[in-house]
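Visitor: I would like to go through this model with you and ask, at each step, what stands behind the words we use for it.

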Amino acid sequence: MNSNSEHHSNSYDSEGLEDFGPLVNIPETSLITLARGIRERVLHASTTRGEHVSRIVGWYSLVHIIQLDDIKLVIRIPSSGWGSAMTETAAHAIESDVATMRFVSQSTSIPVPKIYDFDVTDGNVIKAPYICMSFASGTPISQVWHNKKSTSTTSREDFRLNILRNVAEMTAECYHFPFDKIGSISGEGGGSIGPCYQWYRDDDGVLRVISLGPFDSTDDFIEARIKASRDDPTVEASNEEARFTLFSLPTFGSNTVFVLRPPDYDAANIFVDDQGNITGWIGWEHPHTASQAVMFPRFLSWIMADCAAMDDWPETTEDPPEVLHGYRKYYTEEFLKSLFPRGAGCSQGYHISQDV
């Protein structure tokens, strides 16, 4: 399993560890003990041999991979799990992440991690909040999109098109569950919407979780995001520019139907098999609902390089603009095919709105 919030993707150097404080010093033996206990209590299986496989440092989480005999468990520890960042809001954000992943798992075919256990307190063997989940099978798209070689059964082009079709179909499934507010899923079953959660660095330099909303309109949501970021002049200017552009789109203020938006379409967070079938989708940290008219279908970073939306891959791996245009066209057509007739026109303006 890989992700900037769960597994491998974006990693900090040693300086970035300061946001995690004492969390970086949790003993491996304590993590193994925690995983053993969860396996015995939840999966009803004893463990003969336990091993700490790796630790991945993400932007907002430490992710530990624990091998217990023939299975792997993932333990995600948020950077808000210590000091003054460990607030009631941070606890609610964890509960919302868990509720969302369980809702998506039960209601769609999106292969999100299975939640085995979680704790929003530090009253456990690792003395920190955590989510324990299943380990995703397959390979991240970021490792195979450009490197995949044609085989006797699947050409590279068919492999790519299958990935795009799978992502489009799974994204479209979220349309089957409309909500009346912008916010995060709260409680079991996905029946209620609470506030949105986001990371915020305060005046003291502490990275913490704040809550906003819930909101009745996209206009209110954008206004709140702008207000929350006003301590940073750079972010404020960027958001003001985005707000001016987005408010020019007539569907924003009037749209009152919202759908759950998968929070991270990074190529490192979606896993596939050798045929391009999606086997895992991770990165479900602080997801929330969004306007169905503007936020979907969400274009994918790895087919938007010529739109300056993908600067984390080497330039030498970029496909020609006309090829990327063809992939975006195919992806949108597959998305609309899954939604027809409700999906017409939903993708207009998304390349602008994704930065808000």
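Guide: In this predicted model, the second largest cavity holds about 80 Å³ of space, and it belongs to a set of two cavities of 30 Å³ or more that a search of the whole structure finds.

Visitor: What makes this space a cavity and not a pocket?

Guide: A cavity is a set of points where a 1.4 Å probe fits but cannot get out, whereas a pocket is an open set; the space of about 80 Å³ is listed as a cavity, so by that definition a probe placed there cannot get out.

Visitor: Which residues line the second largest cavity, and how do they divide by character?

Guide: Among them are Arg76, Pro78, Ala90, Ala93, Ile94, Asp97, Trp199, Glu285 and His286, and the lining as a whole divides into seven nonpolar, two polar and three charged residues. The elements that give two or more residues to this lining are β3 (71-78) and α2 (88-107), and α2 supplies the largest share, four residues.

Visitor: Why is Cys196 called buried?

Guide: Buried means under 20% relative accessible area, and Cys196 has a relative accessible area of 5%, so the word applies. Cys196 is found in strand β9, and, leaving aside neighbours within four places in sequence, Cys196 is in contact with residues including Ile182, Ile210, Leu212, Phe215, Phe221 and His288. The C-alpha atoms of Cys196 and Ile210 are separated by 8.3 Å, although the two residues lie 14 residues apart along the chain.

Visitor: How do you know that β9 and β10 are paired?

Guide: Pairing asks for at least two bridges between two strands, and six bridges join β9 (residues 196-201) to β10, the two running antiparallel, so the requirement is met. One of the bridge partners in β10 is Leu207, which is matched with Arg201. The two strands form a hairpin with five residues between them, and Gly205 in the turn has a positive phi of about 85 degrees. Strand β10 (residues 207-212) is mostly covered, with five of its six residues buried.

Visitor: What makes β6 and β13 the edges of their sheet?

Guide: The open sheet has three strands in the order β6-β12-β13, with antiparallel pairing; β6 (139-140) and β13 (278-281) each have a single partner strand, so one side of each is left without a neighbour in the sheet. Two bridges join β6 to β12 (residues 270-272), and Pro140 has Phe271 as its bridge partner in β12. Helix α4 (residues 156-173) lies across β12 and β13, running at about 50 degrees to β13.

Terms used
Residues are numbered from 1 along each chain as its sequence is written. This is a predicted model: local features need pLDDT of at least 70, side-chain atom pairs count only at pLDDT 80 or more; totals for chains, interfaces and linings use all residues. Side-chain values use heavy atoms; hydrogens and water are left out. Contact means heavy atoms within 4.5 Å. Axes are lines fitted to C-alpha atoms, for helices over the stretch in contact, and angles run from 0 to 180 degrees between N-to-C directions. On a 1 Å grid over the protein atoms alone, a cavity is a set of points where a 1.4 Å probe fits but cannot get out, and a pocket is an open set with protein on both sides within 12 Å along at least five of seven lines; lining residues have an atom within 4 Å of a point. Grid points are joined across faces, edges and corners, and a volume is the space filled by probe spheres set on the points. Ala, Val, Leu, Ile, Met, Phe, Trp, Tyr, Cys and Pro count as nonpolar, Asp, Glu, Lys and Arg as charged, and the others, Gly among them, as polar. Buried means under 20% relative accessible area, exposed over 50%, partly exposed in between (1.4 Å probe, protein chains only).
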